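This report introduces a structure to a reader who has not met it before. It is best read with the sequence and the coordinates at hand.

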Amino acid sequence: MNDGHAKRPGRLAATALALLVVLVFAGLVSAVLALPPTAAGLSADVGAALPRVGTDNPVTATLLAFRGYDTLLEMAVLLLAAVAIRALRHGRLPVMRSGDEILAALARVLVPVMVLVAAYLLAAGLDGPGGAFQAGAIAAAAGVLLVLAGRGLRLLDDGLAVRLGLAVGLLGFVAAGIAGMLVASAFLDYAPGRAATVMTLLEVAVAVSVALTLFEMFVSVLRCPIPGKAADAADRGRR
Amino acid sequence: MSAPLLYALVGVALFCMALHWVIACADPLRRILAVNVMSSGVFLVLVALARRVPGPSPDPVPHAMVITGIVVAVSATALAIVLASRMRSGAAGR
C-alpha cells in the first residue's frame, strides 16, 4: 500500500488546512449572502422559448434542446467512463447469492414495478416531472437488484447489443446534431416542427445509455476485489 | 433569512467540510466519498439558488445542470473506485 506509509500531517499542516477551509467557507458564505434575494433567472426566457421545441417540461427542454451541447458532452463523459471502467476492471463477478430467497422474492415483486415506473418517467418527461435520467437510473437499479438476487445474469453478456446501448446516447446526439446542420441552420438546431420527434428519440436513447452505463458501472465495481482486511486494519491503525 | 439562502449556506458548509476531508485523508475510498459530499454541496447550492426566481416554479437551467452533474459525478465515482481498487490490488501483489 503506497498510501499506508504516508506520515501523519504535523500540527502546522493541520492548522494551515483548517485555516484554508475556514477562509474558503467565509468567502463562499459572503458570496452567497451578497446575492440578491430574488433574481430574474432564466425562467422567463425558457418559458418563452418552450413553444418552439414542443415540450411543456422546461427541464427536459433545457437538457435536450437549449443546452443540448451539455447533454451531448455528458453522454461523451458517460461513454468515456464506461469504456475506461471496462478496460480497468479485473477479477470475476463474485458468486451471487442466488439462494437468498428474500432478495429473490423482493426482486420478483419490485423489478416489474421499477420497469413500469421507469417507462412512465420516460413517457412523462416530455410534458411534466420525469425524464431520461430519472428513468435510466431506476431501470439501472432494477438491473442491479436482479443481479444481486442472482437473476438476470444474461444482462452481464458482453455482446454487441450492450456496447451499442452504451453508445446510443452519444450516437443519437451526434446524429441529431448533424441532421440539424443539414436540415436546419446549425449543429443541434432542430428543424421547426420536428423538434418534438427528435427530442422524444433523444430521450429514449439517453435513457438507454444512462441505464446501461450505470448498471455496467455497478457490476464493474462489484467485480473489483474487495480490499483485504489487512489493509483496513492498517488504515485504522493510522488514525 | 429566506429558505433558499439557508439551503445554499448548508450546501456551502457541506462543501467545506468535505474539502477538509479530501485534503486531510490519505485513504482513497474516503477521499472519493469526500469528493462526493463536495459535489452534493455544490448541487444543493445550485438547486437552492434556482428557487430565488419569482413565480411558482424554480429556474429550470440550474436544475438541468444539476441533473447533468449528478450523472457525471456517479460515473466519475465509479471510475475512481475501480482505479482505487486496482491500486490496492496492484500494491498487494507486489
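## Contacts around A:Asn57

Two residues are in contact when heavy atoms of theirs lie within 4.5 Å. The model described here is predicted. Leaving aside neighbours within four places in sequence, A:Asn57 is in contact with A:Leu50. The other partners on that list are A:Gly125, A:Leu126, A:Asp127, A:Gly128, A:Pro129 and A:Gly130.

A:Asn57 belongs to the loop between helix 2 (43-53) and helix 3 (58-66) of chain A. Is A:Asn57 buried or exposed? Its relative accessibility is 7%, and A:Asn57 therefore counts as buried, the cut-off being under 20%. One of its partners, A:Leu126, is 69 residues away along the chain, yet the two C-alpha atoms are separated by 5.9 Å.

## The fold of chain A

Chain A contains 9 helices and 0 strands. Read along the sequence, its pattern is α-α-α-α-α-α-α-α-α. Of its 239 residues, 38% are buried. Among the contacts in chain A with a separation of 6 or more, 75% involve residues 24 or more positions apart.

A:Leu202 offers an example from helix 8 of chain A. Its relative accessibility of 3% places A:Leu202 among the buried residues. Not counting residues up to four places away in sequence, A:Leu202 touches A:Leu64, A:Gly172, A:Phe173, A:Ala176 and A:Tyr190. A further distance concerns A:Ala65, which is 137 residues from A:Leu202 in sequence and 10.0 Å from A:Leu202 in space, C-alpha to C-alpha.

## An aromatic pair and the loop before helix 8

How many aromatic pairs does a search of the whole structure find? Over all chains, the search finds 1. The ring centres of A:Tyr69 and A:Phe187 are 5.7 Å apart and the ring planes are at 40°, so this pair is tilted. The reasoning rests on the angle, because planes under 30 degrees apart would count as stacked and planes over 60 as edge-to-face. The pair links distant parts of the chain: A:Tyr69 is in helix 4 (residues 68-88) of chain A, and A:Phe187 is in the loop between helix 7 (160-183) and helix 8 (195-223), 118 residues apart. A:Tyr69 is partly exposed, with a relative accessible area of 48%. A:Phe187 also counts as partly exposed, at 24% relative accessibility.

The loop between helix 7 and helix 8 of chain A also holds A:Leu188. The phi angle of A:Leu188 is near 65°, which is a positive value in a residue other than glycine. A:Leu188 is buried, with a relative accessible area of 9%.

## The fold of chain B

Chain B has 3 helices and 0 strands, and from the N terminus on its elements run α-α-α. Buried residues account for 48% of the 94 residues of chain B. Of the contacts in chain B between residues at least 6 apart in sequence, 54% join residues at least 24 apart.

Helix 2 (residues 28-49) of chain B has 22 residues. At 1.5 Å a residue it should span 32 Å, and its end C-alpha atoms are 32 Å apart, so the two values agree. Several residues of this helix are buried, including B:Pro28, B:Ile32, B:Met38, B:Phe43, B:Val45 and B:Leu49. B:Ala34, B:Ser39, B:Gly41 and B:Ala48 are buried there as well.

## Cysteines and disulfides

How many disulfides does a search of the whole structure find? The result is 0 over all chains. Two cysteines of chain B may be described in this connection. B:Cys16 counts as buried at 3% relative accessibility, and B:Cys25 is buried with a relative accessible area of 3%.

## The interface of chain B and chain A

Which chains supply the residues of the contact, and how many from each? The contact takes 44 residues from chain B and 49 residues from chain A. Between them the two chains bury about 4,200 Å², with 75% of that area on carbon and sulfur atoms. On the side of chain B, the residues that lose the most area to chain A are B:Arg52, B:Val82 and B:Arg88, together 16% of what that side buries.

Across this interface the rule finds 0 salt bridges.

Conventions. Residues numbered from 1 in each chain as written. Chains lettered and ligands numbered in written order. Predicted model: local features only at pLDDT ≥ 70, side-chain atom pairs only at ≥ 80, totals over all residues. Heavy atoms only, no water. Phe/Tyr/Trp six-rings, centres within 6.5 Å; stacked < 30°, edge-to-face > 60°. Helix = DSSP H or I, 4+ residues; strand = E, 2+ residues; numbered from the N terminus. Buried < 20%, exposed > 50% of the residue type's maximum accessible area, 1.4 Å probe, protein only. Expected span 1.5 Å × (residues − 1). Disulfide = S-S within 2.5 Å. Buried area = accessible area lost by both parts, 1.4 Å probe. Salt bridge = Lys/Arg side-chain N within 4 Å of Asp/Glu carboxyl O.
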